[in-house]
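Here are my notes for you, written as numbered points so you can follow along in the viewer. Keep the picture open while you read.

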Amino acid sequence: MAYSGGATKHHDLHGFLRSPTPATDEAALVVLNSASFGAGLLEKLWAASTYRVCADGGANRLFDLLGPSFVPDAIVGDLDSARGDVLEAYAAGGAAVARVEDQDANDLSKALDAVAERWRGGRRGAAVVRVVGAFGGRFDQEMAAFDALHKFAARDRDASMALYSDENAATLLAPGPSHEIVVRHDAEGPHCGLVPLGAPCEWVTTAGLQWNLDGGALAFGDLVSTSNLVPRDGGRGESVVSVACAAPLVWTIARRGDS
């Protein structure tokens with residue numbers, strides 16, 4: 001989850017492991033059709049969510065991992081991947097099934113539109129969308145997930161979005177505010193990166209990394225901060241990484257299995 005405090009935006013990608021989502025917050029879960037996550041992570045994300053959407057064949061993944069008792073609020077997409085038996089079971093359980101025929105939009109973007117529609121009349125407290133299954137599989141679909149990350153940040157600056165698999169997590173750091181990222185060492189790290197995906201970043205400064213950046217530029221074809229590390233601070237369970245940047249940067253960090 002991310003929340004703003006003055007000129008600083010705070011991120012805690014694995015805070016959902018420590019406590020359930022407060023009743024005053026909105027937390028949406030989007031399930032993609034990917035083998036990059038297992039039942040452990042999915043069940044924890046499910047428990048931390050107030051609205052749950054399957055993007056087309058993501059319904060198959062949910063059904064196969066957790067069974068018919070875990071009924072999503074909605075299943076959206078062109079529905080060319082979701083199995084008939086899965087759609088029938090979830091519809092019987094109360095899920096809204098929506099076929100969206102739009103060849104200019106992928107199933108993830110259609111699921112995010114469903115979340116936006118859910119929140120259109122107003123939302124409570126902090127708001128976060130967690131997308132599970134965004135890594136692994138086809139590279140073009142991975143890039144579509146990062147494109148969605150950029151588009152979401154542009155259209156909803158007060159909410160946050162994060163991508164997950166069993167092995168990775170990522171979010172977008174926007175220019176303007178400084179960012180403080182809580183790293184929970186039992187669930188993530190130490191390997192991390194700051195990636196200028198979309199445009200060069202003229203300058204970036206960090207604190208809390210093994211190799212900090214001090215005002216230099218990040219750009220493909222020049223320098224990209226990959227294979228950095230978040231060291232444990234005196235053996236403590238949590239560390240804080242601070243980032244300020246001139247352009248959007250993807251923060252990515254390794255995850256520890258299905259934690």
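**Notes on the model**

1. Let's start with R184, which counts as buried at 9% relative accessibility. Keep in mind that this is a predicted model. R184 has a charged partner: its side chain meets that of E238 in a salt bridge, with N and O 2.9 Å apart. Look at where the two sit: E238 is in strand β15 (residues 238-245) and R184 is in strand β10 (residues 178-184), so the pair ties together parts that are 54 residues apart in sequence. The partner is less hidden from view, since E238 counts as partly exposed at 37% relative accessibility, against 9% for the buried R184. There's a third player too, as D12, R184 and E238 are linked in a network of salt bridges.

2. How many salt bridges does the structure hold? The count is nine. As background, side chains of opposite charge can pair when their charged atoms come close. Another one to find is R83 with D64, at 3.0 Å from N to O. This pair links distant parts of the chain: R83 is in the loop between β5 (74-77) and α3 (84-92), while D64 is in helix α2 (residues 58-66), and they are 19 residues apart. R83 itself is partly exposed, with a relative accessible area of 29%.

3. Now try a pair within one helix. D107 and K110 form a salt bridge whose closest N and O atoms are 4.0 Å apart. Both belong to helix α4 (residues 107-119), and they are three residues apart, about one turn of the helix. Is K110 buried or exposed? K110 counts as buried, because its relative accessibility is 5% and the cut-off for buried is under 20%.

4. Next, some helix packing. Two packed helices are described by the angle between their axes and the distance between the axes. Take helix α1 (residues 39-47) and α2: their axes come within 10 Å and cross at roughly 105 degrees. That makes α1 roughly perpendicular to α2. On the α1 side the contact is made by A39, L42, E43 and W46, and on the α2 side by L62, L65 and L66. Sort those by class and you get six nonpolar, no polar and one charged residues.

5. Helix α2 packs against α3 as well, at an angle of about 75 degrees and with the axes 10 Å apart. Again the arrangement comes out as roughly perpendicular, for α2 with α3. Here α2 offers A59, N60, L62 and F63, and α3 offers D85, V86, A89 and Y90. The classes for this contact are six nonpolar, one polar and one charged.

6. Zoom in on A55, which has its place in strand β4 (residues 51-55). A55 counts as buried, at 4% relative accessibility. What is A55 in contact with, leaving aside its neighbours within four places in sequence? The answer is V30, V31, L32, V76, D107, L108 and A111. You'll recognise D107 there from its salt bridge with K110. For a sense of distance, A55 and G84 are 29 residues apart in sequence and 15 Å apart in space, C-alpha to C-alpha.

7. A few backbone spots deserve a look. D56 is in the loop between β4 and α2, and its phi is near 50 degrees, a positive value in a residue other than glycine. D56 counts as buried, at 0% relative accessibility. S227, in strand β14, also has a positive phi, near 55 degrees, but S227 is exposed, with a relative accessible area of 55%. Then there's the cis peptide bond between G189 and P190, where omega is about 0 degrees; P190 is found in strand β11 (residues 188-195).

8. Stay with β14 (residues 225-229) for S225. At 8% relative accessibility, S225 counts as buried. Apart from neighbours within four places in sequence, S225 is in contact with C192, G193, L194, L213 and L218.

9. Last, the annotation. The unreviewed UniProt entry labels residues 179-246 "domain: Thiamin pyrophosphokinase thiamin-binding". Over residues 179-246 the chain is 0% helix and 57% strand, and the end C-alpha atoms are 12 Å apart.

Key
Residues are numbered from 1 along each chain as its sequence is written. This is a predicted model: local features need pLDDT of at least 70, side-chain atom pairs count only at pLDDT 80 or more; totals for chains, interfaces and linings use all residues. Side-chain values use heavy atoms; hydrogens and water are left out. UniProt positions are given in the numbering used here, feature names are shortened, and annotations may be inferred rather than shown by experiment. Helices (H or I, at least four residues) and strands (E, at least two) are DSSP runs, numbered from the N terminus. Buried means under 20% relative accessible area, exposed over 50%, partly exposed in between (1.4 Å probe, protein chains only). Axes are lines fitted to C-alpha atoms, for helices over the stretch in contact, and angles run from 0 to 180 degrees between N-to-C directions. Angles under 35 degrees count as roughly parallel, over 145 as roughly antiparallel, 65 to 115 as roughly perpendicular and the rest as oblique. Contact means heavy atoms within 4.5 Å. Ala, Val, Leu, Ile, Met, Phe, Trp, Tyr, Cys and Pro count as nonpolar, Asp, Glu, Lys and Arg as charged, and the others, Gly among them, as polar.
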